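Me: I want the reasoning behind the labels, not just the labels. Let us take them one at a time.

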Amino acid sequence: MNENRPLSAEFTKGLIKENPVLVMLLGMCPTLAVTTMASNAIGMGLATTFVLVCSNLVISLLKGIIPKAVRLPCFIVIIAGFVTLISFVLQRYLPSLYESLGVFLTLITVNCIILGRAEAFASKNKVLPSVLDGLGMGLGFTAALFVMGSLREIFGAGSWFGIKLPLLSEEPMLIFIMPAGGFFVLGCVIAAVNRIANRKPPEEISCENCPSAAICGAKGKGEGCPSDKNGGETAQ
Amino acid sequence: MKEAILIIVTAVFVNNVVLSQFMGICAFLGVSKQLKSSVGMGGAVIFVMVCAAACTYPVYMLLERFEITYLRTVAFILVIAMFVQLIEIVMKKTMPPLYNALGVYLPLITTNCAVLGVTVANIDEGYSFGHSIANAFGTGLAFTLALVLFSGVRARIADSDIPETFKGVPATLIAAAIVSLSFMGFAGMAF
């Protein structure tokens with residue numbers, strides 16, 4: 001993309017300015033599903049970061065070799081391979097985390113952040129920027145999950161990392177750890193980020209960050225986004 | 001048969017795939033703006049889910065035979081990706097009206113985590129072939145129901161006066177929280 005951008009910018013952009021969850025609105029499913037506890041949120045974030053860094057590394061190495069027409073299945077297989085790897089590691093060394101993440105560990109494969117970065121960044125850039133981009137995006141994702149997980153655990157269970165907090169643990173608001181609470185907290189966190197950044201709320205995702213850009217036929221043909229045509233604003 | 005019906009009811013109401021399991025949120029938030037696109041996307045998802053469940057079941061049996069079940073994730077996602085492409089090509093050639101109605105949604109389904117999720121859940125729950133199909137159909141139906149219900153809610157949000165910071169996605173998410181809350185009423189029905 002931009003040749004003159006310093007390497008540190010590739011790393012830091014994922015943390016705040018282009019935070020994958022709170023700004024680009026990608027990877028919503030794990031953000032909502034595994035954030036009932038702060039420790040789960042961090043585990044999921046780091047597992048995703050690992051897959052993201054590794055897949056970005058491999059894809060940027062192979063970018064000249066993978067034919068354009070079949071790049072999507074290739075990316076998915078590379079990602080799925082690393083997901084299998086990390087689930088083995090977690091199953092062996094952190095069985096309790098493995099249990100509580102459950103099916104969402106497998107579903108890292110279809111996390112649109114990873115496919116989105118592979119398509120938008122790693123397949124067009126050199127190795128080092130790609131790794132840094134993956135690391136920054138992964139840590140940004142982890143940070144967003146950590147904020148969500150902390151809020152939901154503190155209010156919903158009255159504890160933080162399993163440590164009981166005074167006052168709150170007497171009558172925790174269970175709703176926060178239920179599915180409805182997940183939607184609510186995420187909505188509030190995105191609103192708060194908008195407020196702090198003093199920015200108009202994100203209404204749509206550009207083709208640049210759209211995870212389906214790889215499969216989408218409309219890109220570059222000036223046809224507009226197919227999901228827009230049908231009244232959607234983002235689509236996975 | 002009775003069990004299959006129970007699986008479908010559980011999937012649609014008690015364990016709604018979008019509102020209580022958080023799968024396919026991106027598509028849920030993206031395509032639910034209008035009733036018409038909700039129904040189209042829902043139809044495409046039901047179709048792909050049932051077909052994917054039917055395809056991955058024998059694939060898993062094959063993996064089990066050679067004791068390489070750890071390749072499940074890789075195999076399933078490839079089958080789903082291939083399958084979606086295949087459906088698109090076949091549909092375009094043989095059923096143009098259906099393609100016009102559902103076609104645009106098909107590419108978006110490959111990375112919909114609900115599809116991979118349902119095939120993995122079928123294996124984890126140890127469902128038979130028939131029950132896998134029932135579960136896939138129920139999950140697809142649940143996805144459609146959530147989309148259709150939510151498109152109605154969103155039409156109301158568009159007309160209301162919302163604080164500037166909450167406009168757009170935050171308001172949508174909070175509305176989703178309320179819809180999800182209503183589905184908690186079914187929790188007592190767990191079979």
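Me: What makes helix α7 of chain A, residues 112–122, largely enclosed by the rest of the structure?

Reply: This is a predicted model, so take every value as computed from it. A residue is buried if 20 or more other C-beta atoms lie within 10 Å of its own. In α7(A), 11 of the 11 residues are buried, so the helix is largely enclosed.

Me: Which residues of α7(A) are buried, and what covers them?

Reply: The buried ones are C112(A), I113(A), I114(A), L115(A), G116(A), R117(A), A118(A), E119(A), A120(A), F121(A) and A122(A). Their cover includes α3, α4 (71–93) and α8 (127–157) of chain A. It also includes α2 of chain B.

Me: How do you know that the span of α3(A) agrees with its residue count?

Reply: α3(A) covers residues 38–61, which is 24 residues. The expected span is 1.5 Å times one less than the number of residues. That gives 34 Å, and the end C-alpha atoms are 35 Å apart, which agrees.

Me: Is α3(A) largely enclosed or largely exposed, and why?

Reply: Enclosed. Of its 24 residues, 18 are buried, so α3(A) is largely enclosed by the rest of the structure.

Me: How do the span and the burial of α8(A) come out?

Reply: α8(A) has 31 residues and reaches 43 Å from first C-alpha to last. The expected value is 45 Å, and the two are close. As for burial, 22 of the 31 residues are buried, so α8(A) is largely enclosed too. G158(A) follows this helix, with a positive phi near 70°.

Me: What does chain A contain as a whole?

Reply: Chain A has 10 helices and 2 strands. From the N terminus, the order is α-α-α-α-α-α-α-α-β-β-α-α. Of its 236 residues, 51% count as buried. Take contacts between residues at least 6 apart in sequence: 75% of them join residues at least 24 apart.

Me: Now chain B. Why are α7(B) and α8(B) called roughly antiparallel?

Reply: Their axes come within 10 Å and cross at roughly 150°. Angles over 145 degrees count as roughly antiparallel. The pair therefore earns that label. The crossing of α7(B) past α8(B) is right-handed.

Me: Which residues make that contact?

Reply: α7(B) brings A114(B), V118(B) and N122(B). α8(B) brings S132(B), N135(B), A136(B), T139(B) and F143(B). By class, the contact of α7(B) with α8(B) has 4 nonpolar, 4 polar and no charged residues.

Me: What makes α4(B) oblique to α7(B)?

Reply: The axes of α4(B) and α7(B) come within 10 Å and cross at roughly 130°. Roughly perpendicular ends at 115 degrees, and roughly antiparallel needs over 145. The angle lies between those limits, so α4(B) is oblique to α7(B). This crossing is right-handed.

Me: Which residues meet there, and what are their classes?

Reply: F76(B), I77(B) and I80(B) of α4(B) meet V115(B), L116(B), T119(B) and V120(B) of α7(B). The count is 6 nonpolar, 1 polar and no charged.

Me: How many residues does each chain give to the contact between chains A and B, and which element of chain B gives the largest share of its side?

Reply: Chain B gives 43 residues and chain A gives 47. On the chain B side, α2 (25–31), α4 (72–94), α6 (106–109), α7 (113–125) and α9 (169–183) each supply at least two. The largest share comes from α9(B), with 8 residues. The chain B side divides into 29 nonpolar, 12 polar and 2 charged residues.

Note on methods: Residues numbered from 1 in each chain as written. Chains lettered and ligands numbered in written order. Predicted model: local features only at pLDDT ≥ 70, side-chain atom pairs only at ≥ 80, totals over all residues. Helix = DSSP H or I, 4+ residues; strand = E, 2+ residues; numbered from the N terminus. Buried ≥ 20, exposed ≤ 12 C-beta atoms within 10 Å, placed from the backbone. Contact = placed C-beta atoms within 7 Å. Nonpolar A, V, L, I, M, F, W, Y, C, P; charged D, E, K, R; others polar. Axes fitted to C-alpha atoms, helices over the stretch in contact; angles between N-to-C directions. Parallel < 35°, antiparallel > 145°, perpendicular 65-115°, else oblique. Left-handed = near helix turned anticlockwise from the far one by under 90°.
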